[in-house]
Amino acid sequence: KCLRKGLIWYQGEAKVNRAAEYKKVFPALINVWLKNFNQGNIPFLFVQLANYMQEANKPVESDWAELREAQAAALSLPNTGMAVAIDLGEADNIHPKNKSEVGKRLGLVALKVAYNKNVISSGPIYKFMEIIKDSIIIHFKNSNEDLITKNKYGYVRGFQIAGIDKKFHWAKAYIRNNSITVYCNEVMKPLAVRYAWSDNPGQIDLYNNEGLPAIPFRTDDWPLKTSGKLFSENQWEY
């Protein structure tokens with residue numbers, strides 16, 4: 001019998017147009033694999049999709065962002081871990097070359113999940129938001145870790161904000177008291193924020209003090225572009 005310490009999954013991009021369905025079938029795949037290996041609840045680690053294609057000139061719906069969200073949702077299963085690669089992709093290369101950094105981040109996740117080491121293995125994770133006048137304040141789970149921006153001017157790129165019309169606009173954002181303040185002069189009564197919510201959000205600024213990027217997120221629960229699209233049988237051939 002071959003004993004395994006854990007499993008690593010690197011998802012391709014072929015399922016992006018079925019992201020909403022993927023949110024259901026990916027946890028099912030994990031559970032089936034663990035059942036078939038019959039070695040207990042061993043760790044299951046995976047890599048979130050990297051950034052790819054050209055940057056959008058304005059906020060638009062994104063299959064790639066929706067699949068990243070579906071992947072992150074699988075972290076609700078026990079003994080799972082995710083390496084974020086939102087800053088490691090290339091606009092014109094679907095197979096980005098920086099595998100070394102992906103491996104390092106997976107290594108941190110393995111140390112945390114598989115070996116129970118006291119290491120920081122994830123970047124900032126969205127916790128909750130609060131609306132204060134014309135701004136939205138974003139709070140993160142790892143409040144004991146410092147938020148860092150790599151932007152030399154101190155701002156944080158990659159944020160979108162929307163009001164009651166659900167139309168997103170690029171937003172300005174900055175770090176204050178270890179949270180993020182997001183605002184836009186075109187949205188005076190904001191309701192929702194999205195971060196790195198595009199196929200390729202471009203230059204990423206938001207990290208923790210360990211150099212790990214914030215996990216892309218959205219605060220809204222509005223219908224997704226891929227909702228209602230189902231997999232055909234041959235789409236699950238690997």
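Eight salt bridges are counted in this predicted model. Side chains of opposite charge can pair when their charged atoms come close. Three of the pairs deserve a closer look, and they lead into the rest of the fold.

Start with Glu101 and Arg105. Their side chains meet in a salt bridge, 3.1 Å from N to O. Both residues sit in helix α3, which spans residues 99-113. They are four residues apart, about one turn of the helix. Their surroundings can be read from the accessible areas. Glu101 is partly exposed, with a relative accessible area of 23%. Arg105 has 5% relative accessibility and counts as buried, because buried means under 20%.

The next pair spans a longer stretch of sequence. The side chains of Arg194 and Asp220 form a salt bridge at 2.9 Å, N to O. Arg194 belongs to strand β11 (residues 192-195), while Asp220 lies in the segment after β13 (217-218), so the pair ties together parts that are 26 residues apart in sequence. Both Arg194 and Asp220 are buried.

Asp220 has another partner. Its side chain meets that of Arg218 in a salt bridge, again given as 2.9 Å, N to O. Arg218 is buried, as is Asp220. Shared partners extend the picture: salt bridges join Glu61, Glu69, Arg194, Arg218 and Asp220 into one network.

Glu69 of that network leads to helix α2, where Glu69 is one of the buried residues. Helix α2 covers residues 63-73, and nine of its eleven residues are buried, so the helix is largely enclosed by the rest of the structure. The buried set is Asp63, Trp64, Ala65, Glu66, Leu67, Arg68, Glu69, Ala70 and Gln71. What do they pack against? The buried residues of α2 pack against α1, β2, β3 and β13. At the start of the helix, a side-chain oxygen of Ser62 reaches to within 3.3 Å of the backbone nitrogen of Trp64.

Two of those packing partners, β2 and β3, belong to a sheet. This open sheet has three strands in the order β1-β2-β3, with parallel pairing. β1 (7-10) and β3 (80-83) stand at the edges, and each has a single partner strand, so one side of each is left without a neighbour in the sheet. Neighbouring strands are turned by 20 degrees against each other on average, direction ignored. Strand β2 (residues 44-47) is joined to β3 by four bridges, and the two run parallel. Across this pairing, Phe46 stands opposite Met82 in β3.

Now turn to strand β10, residues 179-183. Four of its five residues are buried, so β10 is largely enclosed by the rest of the structure. Strand β5 (residues 135-140) runs antiparallel to β10, and four bridges join them. Here Ile137 has Thr181 in β10 as its bridge partner. Strand β9 (residues 172-176) is also antiparallel to β10, through five bridges. In β10, Val182 stands opposite Ala173. β9 and β10 form a hairpin with two residues between them. In the turn, Asn177 has a positive phi of about 55 degrees.

In a regular strand the side chains alternate between the two faces of the sheet.

Val182 also appears in the largest nonpolar core, which has 44 residues. Which residues have the most contacts inside this core? They are Phe26, Phe159, Ile180, Val182 and Leu206. Helix α1 (residues 19-37) supplies the largest share of the core, six residues. Apart from this core lies another, of eleven residues, including Leu45, Ala85, Val102 and Leu106.

Phe159 shows how several of these parts come together. Setting aside neighbours within four places in sequence, its contacts are His169, Trp170, Ala171, Ala173, Ile180, Val182, Val193, Arg194, Tyr195, Leu206 and Phe217. Among them is Arg194, the salt-bridge partner of Asp220.

His169 is another of the contacts of Phe159. Is His169 buried or exposed? At 15% relative accessibility, His169 counts as buried. Its place is in strand β8, residues 168-170. Beyond neighbours within four places in sequence, His169 is in contact with Pro59, Phe159, Gln160, Ile161, Cys184, Glu186 and Val187.

Terms used
Residues numbered from 1 in each chain as written. Predicted model: local features only at pLDDT ≥ 70, side-chain atom pairs only at ≥ 80, totals over all residues. Heavy atoms only, no water. Pairing = 2+ DSSP bridges. Axes fitted to C-alpha atoms, helices over the stretch in contact; angles between N-to-C directions. Core = buried A, V, L, I, M, F, W, Y, C linked by side-chain atoms within 4.5 Å. Buried < 20%, exposed > 50% of the residue type's maximum accessible area, 1.4 Å probe, protein only. Contact = heavy atoms within 4.5 Å. Salt bridge = Lys/Arg side-chain N within 4 Å of Asp/Glu carboxyl O. Polar contact = N/O pair within 3.5 Å; in protein donor to acceptor, adjacent residues only side chain to side chain.
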